[in-house]
Amino acid sequence: MATPVPVHEPHKFKTIRQIAFPSIDARKHNLAAAHFNVFNLTPPQVSFDMVSYGSGAMTQEQLAGQFIGDEAYAGARNFETLCGNINRVLGHTYVCPTHNSLGSVKILLHVFAESGQRLPSNARGRVDLHAPRGIELYDVRDHAAATFTGDFDLARLEAAVVEKRPPFIGAQAFADGQHPVSLGNLRAARALADRHGLRLVLDVSRVVENAWYIQRYEPGMGDRTIADIVKQFAKTAHVILMDGAQDARANTGGFLATDNPADHEHFINEIVVFEGLHTYGGMAGRTMEVLARGLAEMCDEPTVQWAMQQTERFTARLRAAGVPLERGCDGAYLRADAFLPQVDQYPEHALACALYQTAGVRALVQGLAGRGEHLLPLQIPRLAMTNRQLDQVADAVIALHRQREQVPALSLERDGQWHDELRFGAVFADLEPVAFDCEPYLAHTLEPIAVTTREQRLQAMREAGWNTFLLRSADVAIDLLTDSGTTAMSTAQWAAYEAALPTPATSSAYLEFAAAIRDVYGYEHVLPTHQGRAAEQILSEVMIRPGQIVPGNMYFTTTKVHQEYAGGVFADVIVDEAHDPTSSFRWKGNIDLAKLEALVQQHGAAQIAYISFELSVNLAGGQPVSMDNLREVYAWTRKHGIAVMFDATRAVENAYMIQAHDPRYKDTRVKDILREMMLYGDGATVSGKKDFLINIGGLLTFKDNAEWAHKSEAKLRIYEGGVRDGGLPAADLAAMAQGVREMVDDRYIQARVGQAQRLAGWLREAGVPVVEPTGSHAVFVDARRFLPHVDQDEYPAQRLSSEIYIETGVRTMERGNVSSGRDPDGCNHHPALELVRLTLARRVYSDDHLREVANGIIRLWQRRESIHGLRFVYEPKDLRFFQGRFEPMEAAAAV
Ligand code: P61
């Protein structure tokens, strides 16, 4: 049996590349400047570039390979790796590397063919390469074939071979991107070639996608693996050639390979003339490594099934709406002439322009013009897009199809032989534009996630003492433990990281970071720290006199510990609604001014160290503070001479909640909302591992008080590092500076918070009790209502988080009785909130991952009575939730 289609990506996003969303006016301007030929548009002008060549997401293994290029002129190690992998995956012995498949074709034709010959093939696309050389491609594809439309018509092939005496027979896996070939037919073509003493030359650039068709549709092949079929398929030919930028997901590269040493010798004799040397063939060492690793990985069964599912889904959605198309191996090939029957000249260009105008989507027609095909490919960049994005692109095409009659023809202004040469003029029609609200980024590199069985997970949970903190990441499929430091960095952040110049003095990266903070917060003094708790320590030591009260809107573990270490006493002043998981009050992060007032009455203003004001209150469920509350608290503190210190760890998320739920701010950019919020405070600590979109880093910042900054710097030197780096390398500072710029992008933050809202919605629909309203960084499941039969001293949230892992491979975090600890008298605190936190890493998971998270939890909900409690078998004194170990009550009862 073939692997079932995975329900979500078998990987997560490791790094991302941001997408631009030019306005409709900008798009019109760009189109005119591009002479109405979308070939002339550049990526920053395009939202979704629907091309699959060299645009796929690499794995992190491939990316790592990029850094171990052996750039020796001769005999590079990477060449040996490449040869080994070609041999293993494709079964051919002798390898001749080339710079890409054009290089391979160049060598091939030079060695075997000459002008005036006719070459039978199942593919026509390569006519572009043959015609200019005076070699005619002769179509012998079986046009009557039903599924394997790329099969040879063997009778016509035989006739062609006898009559034309071609130099060889050309074959292409997934011919022209649309026509899969059966293994049986390819073998028959090979037999025919052998009978006539000819070589069968096979382009395997899209062999994986072809193999999927064989596995699915060719009788008797359903139980073979993709890897097995790929090898059989490639072995069937005398000579293979491959373009690295297709199935192997390199950005370039290629090769010819054969088992025939004489042919190989011919190839490598030409290589020195046309491509390079026989051990690099026009590829950098790193390219050979990326290609070699891509080859080794390209047959991974779940990945292939996932990618092909995307193509199926995309084309099915378009088809269902009546869009005329041919299904390709990597997307939908729109039939522009049927789409726009009113346009008789270059309908594919008219369609491409209309699609760009309405949606910023680029579909590219390439090669020789005037072939009379009028197909406009909408190819899916391999593994780079989510289903949510693909659905929205499909919907943009469907929206255009509905207004197809309005799409104008283009007038030819400059003719040419090739599509990229053409220039047009046009008058814009009033086409209804389409807006996207999907993730504003693509996957750049991928990281595999664990695939485990239930038995393996149960075993892992036992070994972890029923504590999700003690699980190995390698055993976790979807990790919702925390959003702290788990971000996928952008390519722009990596670029800054690489470019940063190290120094223990003042780095340019620090200046960039400080400028970014001044820009988004409006605060003058910028002190980097290695992460949030380090900033909290310094702030507490500088600002708290022993015995002083520190009022705060709910505690956070590390914040409270540092306040207490400095001699302060934490006082909770959050509104009562925050402690009630069923209250749907919108601003549960607010401070109750009456509680503040009471503290001043009781202790006097001088006894208040400062107000510790957290934005998007983590332990309340990621609950926002309203702008009104920020203003009121600030005004109140001005009367009493008390400072306001924000925990701005998730301030951007709070700003987004204000935009989404305070009608006065619905048209204000998140960046401007944040700037106003920060006006109502005097300083802030930040765990940069959240909002700042980085894996490590933190910040202590003051609006204008130079004395606090000076005192803090003295501590920074002792605890952290230099005053301009806080112990962070310049590289991390540079990535953080770029993250600060990216975090205030409205589309990003909307997509992020939208994920939490959708996940909560799916759970709520099924009756699973979740904290209301849903916050911004996480969804909190209410374990008290989920497991009402489990006593709070048997740790229902801890047990529920363990069961979620065993059921689904999803890791979550307890935030309840275990986290909150014991009173001095030894009794558990019994907090009002007994929760399991499902925390969303930034830019890492898709909706499909989260849908599966919801499904697993819903299955548990349906059998909740069978779930019991836990008891401690090892209980550390401080912060026991990190390292505590448990056993199930039922196990304890059985003894
Ligand atoms: C988290 F179980 N948060 O949410 P640092 N302030 C706030 C945070 O959310 C925060 C810090 C300060 C974590 C990590 C974590 O008991 C725990 O950069 C609002 O982690 O030092 C961290 O920032 C501290 C999880 C921290 C815990 C402590 O997952």
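Analyst: Helices here are DSSP runs of H or I with at least four residues, and strands are runs of E with at least two, numbered from the N terminus. Helix 12 is followed by glycine 322, whose phi is positive, near 85 degrees. This is a predicted model: local features need pLDDT of at least 70, side-chain atom pairs count only at pLDDT 80 or more, and totals for chains, interfaces and linings use all residues. Residues are numbered from 1 along each chain as its sequence is written, and side-chain values use heavy atoms, with hydrogens and water left out.

User: What makes residues 301-320 a helix, and what span does helix 12 reach?

Analyst: The run has 20 residues, so it passes the limit of at least four. The expected span is 1.5 Å times one less than the number of residues. For helix 12 that is 28 Å, and its C-alpha atoms, first to last, reach 28 Å, close to the expected value.

User: Why is cysteine 329 called buried or exposed?

Analyst: Buried means under 20% relative accessible area, exposed over 50%, partly exposed in between (1.4 Å probe, protein chains only). Cysteine 329 has 1%, so it is buried. Cysteine 353 has 5%, so it is buried too. Helix 12 also has buried residues, among them Trp306, Met308 and Phe314.

User: How do you know how many disulfides the structure holds?

Analyst: A disulfide is a pair of cysteine sulfur atoms within 2.5 Å. The structure holds 0. Take cysteine 329: the nearest cysteine sulfur, that of cysteine 299, is 15 Å away, and cysteine 329 is in no disulfide.

User: What makes an empty space a cavity, and how many of 30 Å³ or more are there?

Analyst: On a 1 Å grid over the protein atoms alone, a cavity is a set of points where a 1.4 Å probe fits but cannot get out. Its volume is the space filled by probe spheres set on the points, which are joined across faces, edges and corners. The structure holds 7 cavities of 30 Å³ or more. The largest has about 210 Å³.

User: What makes a residue part of the lining of the largest cavity?

Analyst: A lining residue has an atom within 4 Å of a point. The largest cavity has 17 of them, and Glu209, Asp247, Ala307, Arg382 and Leu383 are the closest to its centre. Helix 12 gives the most, with 6 residues.

User: Which residues lie nearest the centre of the second largest cavity?

Analyst: Arg126, His130, Gly170, Ala171 and Leu241, out of 16 lining residues. The volume is about 170 Å³.

Note on methods:
1 Å grid on protein atoms, 1.4 Å probe; cavity = no way out; pocket = protein on both sides within 12 Å on 5 of 7 lines; lining within 4 Å.
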